[in-house]
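Please open the complex in your viewer and keep a selection panel at hand. The stops below follow one another, each beginning with something to select.

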Amino acid sequence: MKIAVCIALLTAMAGTSLAAEIPLSERRSGYSFMSPDTRAMQDEDTANPGMLFVLDGEALWTRKAGGADKACADCHNDARISMKGVAAHYPAFEKALGRPVDLEGRINLCRTNHQQASPFAYESRELLALSAFVAQQSRGMPIAAGDDPELAPFVERGHALFMQRQGQLNLGCTNCHDDVWDKKLAGSAITQGQPTGYPLYRLEWQSLGSLQRRLRACITGIRAQAYDYGSPELVELELYLMSRARGMPIETPAVRP
Amino acid sequence: MPSALINVPAKAKRGSVIEIKTLMSHIMETGYRHTASGDVVPRDIITSFTCRFNGTEVFRADLYPAIAANPFITFFTTVTESGKFEFEWIGDRGFSETAQASITVE
Amino acid sequence: MANSNHTTRRTVLSLAGGAAVLVIVRPVDATPAMLSAAIRNVVGEANVHTGKVKLDIPPLVENGNTVPMTVSVTGPMTADEYVKSIHVFNDKNPQPNIGNFYLGPRAGRAQISTRIRLADSQKVTAIARLSDDTFWSATADVVVTLAACTEEAI
């Protein structure tokens, strides 16, 4: 038992000593790793299937829902003004809960608290559409998440999760996305794992998907047990990733292979 | 109603050739996938796309399961007069959607 | 049907939310006979010449689920001489047809783009039918790689 603990400690330390935060000048969006064809898909709105979800979200914004019979627009008016820059600050600290919530979590809190409607399921078309529509209002704006001092312990926890080796492959996020992001795994670019364009359209999924979906796929990839949708761990990871990408422009809805 | 994105220039010179781009929301389920319990997921695709200008067909396509989800189709047409493009997508399970776009000849 | 139950890592995907798990059992590839039958369906007994058609498709794609493709045909687009239709085929998907695109003299330019699915590395063939009912073709090889960390059944 003692030996096992020592080995775990050693591997953890090895991970820590290698990893260093990528300086701003070297931060690269997943976009820069893509082929010209895939970039072209993101560059033009009419060619970007993610825009279909943004259109759906725009329609949902003005649709009344729940016992309160209120639409998002009834409180927030024109999203082009009220939601501008909002997604750049998420996940954000939610005082009532004493913990951070991501954009999807915020939308569902609005549903339950203000619309008196049932929350949307994770990865449902409605939740993806609304979060894409809201995040698209911040397109081109620099990511500024994690600045709230109340978030500090949660950023730190997300960072710890990012560094922590786990799963049958015994890998932490950092071992790929800090240490060897300029290399390839099979034929694919490893990338830095910068969450600049979520929710985004993955060619693999043939659909829009959230950062939580991507994280769960990554965790499964290292043969570890994925955290549940909406779990504090996933939100903390999202928060750390967004604070790690500070200053990079939002691309929602991005396209990725 | 599923969303569609259409890109048609609002104005064009008479006799010029314009590009039209269309993107339609659709899962394009191939009919070749199975659930974990072995059941075939039934095919659900768009089978036909048509573009008409002032009532006359100017472009048509037959689609098969090998067309990617959220079908993206672009083509060209000659602008002869001001008018309306009508787009129609027809598919399995009674899928039928239309969209329109107007163009003014300068 | 010998390999119809053969499931490899790359054919296992899960649906959004992980609520339902879909396993793609890759059906038998389209056979050369199926491909030639599909082409015969379009061209009849006519000869298919090589040339005039340009098939623009990346030789190496990041994901076979969404492969951009453009087909263009050189030559006049007038009332007398024009491209009637463009037909696209593959040889390794379960079904040989990809799409048929019907143009006409008023298209002005014989060029179409779409996005296609390729189940594996394979050949894609585009055949154009001209107004004189001659057929012209181009073929391209596409290598399909797969993202390293694809979703799997959980």
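Which residue of strand 9 of chain C does B:Ile73 stand opposite? Select B:Ile73 together with C:Thr114, since these are the two that face each other, with C:Thr114 lying in strand 9 of chain C. Bear in mind throughout that this is a predicted model, to which the predictor gives an ipTM of 0.96 and a pTM of 0.87 for the complex.

**From one pair to the shared sheet**

Extend the selection to strand 7 of chain B (72-78) and to residues 111-116 of chain C, which form strand 9 there; the two strands pair in the antiparallel sense over 2 bridges. Now add the other members of the open sheet, which has 6 strands in the order 1(B)-3(B)-7(B)-9(C)-6(C)-4(C) and antiparallel pairing. At the edges stand strand 1 (4-7) of chain B and strand 4 (53-56) of chain C, and because each has a single partner strand, one side of each is left without a neighbour in the sheet. Looking from one strand to the next, you should find a twist that averages 15°.

For the chain C end of this sheet, select strand 4 of chain C with strand 6 (residues 67-73) of chain C, an antiparallel pair held over 4 bridges. Within this pair, C:Asp56 has C:Thr70 in strand 6 of chain C as its bridge partner.

**The contact between chains B and C**

Next, select the residues at which the two chains touch: chain B contributes 26 residues and chain C contributes 32. On the chain B side, the elements that give two or more residues are strand 4 (34-35), strand 6 (56-63) and strand 7 (72-78), and of these strand 7 of chain B gives the most, with 7 residues. Coloured by class, this side of chain B shows 18 nonpolar, 5 polar and 3 charged residues.

**Strand 9 of chain B and its partners**

Stay in chain B and select residues 96-105, which make up strand 9 of chain B; the number of buried residues among its 10 is 1, so the strand lies largely in the open. Strand 8 (residues 83-91) of chain B runs antiparallel to strand 9 of chain B and is joined to it by 8 bridges, among whose residues B:Gly83 has B:Ile103 as its bridge partner. These two strands form a hairpin with 4 residues between them, and in the turn B:Arg93 has a positive phi of about 55°. Add strand 2 (residues 11-12) of chain B, which pairs with strand 9 of chain B in the parallel sense over 2 bridges; here B:Ala12 has B:Val105 as its bridge partner.

**A helix crossing in chain A**

Move to chain A and select helix 8 (residues 152-163) and helix 11 (residues 232-244), whose axes lie 7 Å apart and which pack at an angle of about 95°. The two helices of chain A are therefore roughly perpendicular to each other. The residues that meet include A:Phe154, A:Leu161 and A:Phe162 from helix 8 of chain A, and A:Leu237, A:Leu239 and A:Tyr240 from helix 11 of chain A. By class, this contact has 7 nonpolar, 3 polar and 3 charged residues.

**A last stop: confidence in chain C**

Finally, colour chain C by pLDDT, which averages 82, with 74% of the residues scoring at least 70. Then select residues 1-25 of chain C, where pLDDT stays under 50 and the model has 49 contacts beyond four places in sequence.

Conventions: Residues are numbered from 1 along each chain as its sequence is written. Chains are lettered from A and ligands numbered from 1 in the order in which they are written. This is a predicted model: local features need pLDDT of at least 70, side-chain atom pairs count only at pLDDT 80 or more; totals for chains, interfaces and linings use all residues. pLDDT is the predictor's confidence in each residue, from 0 to 100. Two residues are in contact if their C-beta atoms, placed from the backbone, lie within 7 Å. Axes are lines fitted to C-alpha atoms, for helices over the stretch in contact, and angles run from 0 to 180 degrees between N-to-C directions. Angles under 35 degrees count as roughly parallel, over 145 as roughly antiparallel, 65 to 115 as roughly perpendicular and the rest as oblique. Ala, Val, Leu, Ile, Met, Phe, Trp, Tyr, Cys and Pro count as nonpolar, Asp, Glu, Lys and Arg as charged, and the others, Gly among them, as polar. Two strands pair if DSSP finds at least two bridges between them. A residue is buried if 20 or more other C-beta atoms lie within 10 Å of its own, exposed if 12 or fewer, and partly exposed in between; C-beta atoms are placed from the backbone.
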